[in-house]
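Visitor: Hi, I'm new to this one. Could you walk me through it?
Guide: Happy to. Here it is.

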Amino acid sequence: MPAPSTKKPKKSLKVLFVTPEIHPLIKTGGLADVSGALPAALRELGTEVRVLVPGYPKVLAGAKNKRLLYTFHDLPEAGEVRLLSASLPGSGVPLLIIDCPVLYQRDGGPYQNPTGIDWPDNAQRFALLSRIGAILGSDASPLSFRPDIVHCNDWQSALVPAFLHFMHGKKAATVMTIHNLAFQGIFPPHVVDEVGLPPACFSIEGVEYYGNFSTLKAGLYYTDHISTVSPTYAQEIQQKALGFGMQGLLARRSNKLTGIVNGIDTSDWNPATDPHLVQGYDAGQMAGKTANKLALQEKMGLKRDPDIPLLGMISRITQQKGGDLLLEIAPQLLQENVQIVLLGTGETVLENGFRNLAHAHPDNVGVTIGFDEGLSHLVEAGADMFLMPSRFEPCGLNQMYSQRYGTPPIVHATGGLTDTVEDGVTGFIFSPMTAKAFLASIHRALATYRDKQAWHAIQHNAMTRDFSWKKSAEDYLALYKSVLSPES
Ligand code: ADP
């Protein structure tokens, strides 16, 4: 019998991941996808992870194995706050849910009421998320799970580093990830006091942002390390054009700023097994893609024709995503034999613009205003090309989903789009951000589409690229380790 090993088992790294949304429980955008997938990928690498989320109705209803862990009695935001342990459906990632009905138990979205207005108590709602994140990362934690790293995401959890900074005793290091710098958690100055931060931190060297209080700035200022979701975006946000007023701070902290591209959930987004498709397919067997195209055309009320190039777009319909640019080129584009399918919600003027476009071209333009997970999968599979004319895009997910689904993306040269699409190899990149350049890139794609061999080569390159979370999770793990021992 071999002698028992005298080596101590290697201590696994412990991470508390703090997020305001997580797929498949609650989602408004890409942050939910990241929160659903990265912790699972980190666990595969041997990291011990807990994900801290607010207990919105959908989270409480969908989480598995809920159990009361602890009751907080004296937090400034609410009287009694229960902390539940649970697990994420699907991956089984351990969750910590903040059950605080006065702040989270309400109809509507995580940040807005049913009519799209921000909840008036968002400062308190997300100060509570951050406060509990900070407590769990400190000596004051009531749990035996003591994280080495608290990983914060966007403004909603960005007070964790600030709270921890002013706490005493042993505490976790923090990583603050920017998923979109446009959302900054801006509140009036008196909120600094209400959340219990010292008045002195309301300064340029602290949480002040052009006369107001920004929770994101607090995170960026006090965190040990900043990350964002692509290397190109990490560079762009240090400059005025895309720095949203934070460029000075970010440039000054550039040696603590890293860009790591998101992965995608390759089991949710697998054209061979996707339950939302009418027929599965893969790079070696593409017949199913045509069946999905016909199904999509039928569902959107378009003329059923396998040969008409079908351009898909799924997005928040906002200035950021460049829906206006598509509306601008649509009259010219529709003089050719193409179809356009759009799924999204957003700014009323743009939504109406797309509704009118569909009304004027019923055979060629299909528009669904709304959020529909199932339909988004069918659009990825049924479209021939995918449009992403974003003005800026920290990482972007749809361009990766579309490559995996053999639907080459046509993207503006910005942020993560630059880092994840290879022009002429897996998709098409245009620059500058003008209607002329966008239209020219669509023409380039259409010309390639007519050359069946060239098109199949692009589809094949795109579908066989590795967009899994493994590589990104390895990069995050390396980042955590470097934050914990900066000298090594
Ligand atoms: P962002 O987070 O800036 O909105 P991303 O591309 O990073 O953009 O992620 C958007 C995610 O939300 C993708 O998973 C996309 O498919 C999904 N999505 C956006 N709008 C809709 C919609 N109307 N219906 C279904 N899914 C949507």
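Guide: One term before we start: a polar contact is a pair of N or O atoms within 3.5 Å, and within protein one must be able to donate a hydrogen and the other to accept it. Keep in mind, too, that this is a predicted model.

Visitor: Okay, so where does that term come in? Which backbone nitrogen lies 3.0 Å from a polar atom of the Ser138 side chain?
Guide: That would be the backbone nitrogen of Ala140.

Visitor: And where is Ser138?
Guide: Ser138 sits in the loop between α4 and β6.

Visitor: Is Ser138 buried or exposed?
Guide: Buried: its relative accessibility is 2%, and the cut-off for buried is under 20%.

Visitor: What does Ser138 touch, leaving out residues up to four places away in sequence?
Guide: Ser138 touches Arg146, Leu164, Met167, Lys170 and Lys171.

Visitor: Anything else to see in that loop?
Guide: Take Ser141, which lies in the loop between α4, residues 122-136, and β6, residues 149-153. A polar atom of the Ser141 side chain is 3.1 Å from the backbone nitrogen of Leu143.

Visitor: Buried or exposed, that Ser141?
Guide: Ser141 is buried, at 8% relative accessible area. Setting aside residues up to four places away in sequence, Ser141 touches Ile135, Leu136 and Arg146. Arg146 also turns up among the residues that Ser138 touches.

Visitor: Let's switch. What about Gly30, where is that?
Guide: Gly30 is in helix α1, which covers residues 30-44. With 34% relative accessibility, Gly30 counts as partly exposed.

Visitor: How far is the Gly30 C-alpha from that of His179?
Guide: The two C-alpha atoms are separated by 8.0 Å, while the residues are 149 apart along the chain.

Visitor: Now the whole thing. How many helices and strands does the protein have?
Guide: There are 19 helices and 18 strands. The C-alpha trace spans about 70 × 65 × 40 Å along its principal axes.

Visitor: What would the radius of gyration be for a compact globule with 488 residues?
Guide: It would be near 23 Å, and the protein has 23 Å, so the two agree.

Visitor: And how much of the protein counts as buried?
Guide: 58% of the 488 residues. As for contacts with a separation of 6 or more, 69% are between residues 24 or more positions apart.

Visitor: Last one: how far apart are the mean positions of the positive and negative charges?
Guide: They are 6 Å apart, for 42 positive and 46 negative charges.

Notes
Residues are numbered from 1 along each chain as its sequence is written. This is a predicted model: local features need pLDDT of at least 70, side-chain atom pairs count only at pLDDT 80 or more; totals for chains, interfaces and linings use all residues. Side-chain values use heavy atoms; hydrogens and water are left out. Helices (H or I, at least four residues) and strands (E, at least two) are DSSP runs, numbered from the N terminus. The radius of gyration is taken over C-alpha atoms; the globule rule is 2.2 Å times the number of residues to the power 0.38. Buried means under 20% relative accessible area, exposed over 50%, partly exposed in between (1.4 Å probe, protein chains only). Contact means heavy atoms within 4.5 Å. Lys and Arg count as positive and Asp and Glu as negative; His and the chain ends are not counted. The place of a charge is taken as NZ of Lys, CZ of Arg, CG of Asp or CD of Glu.
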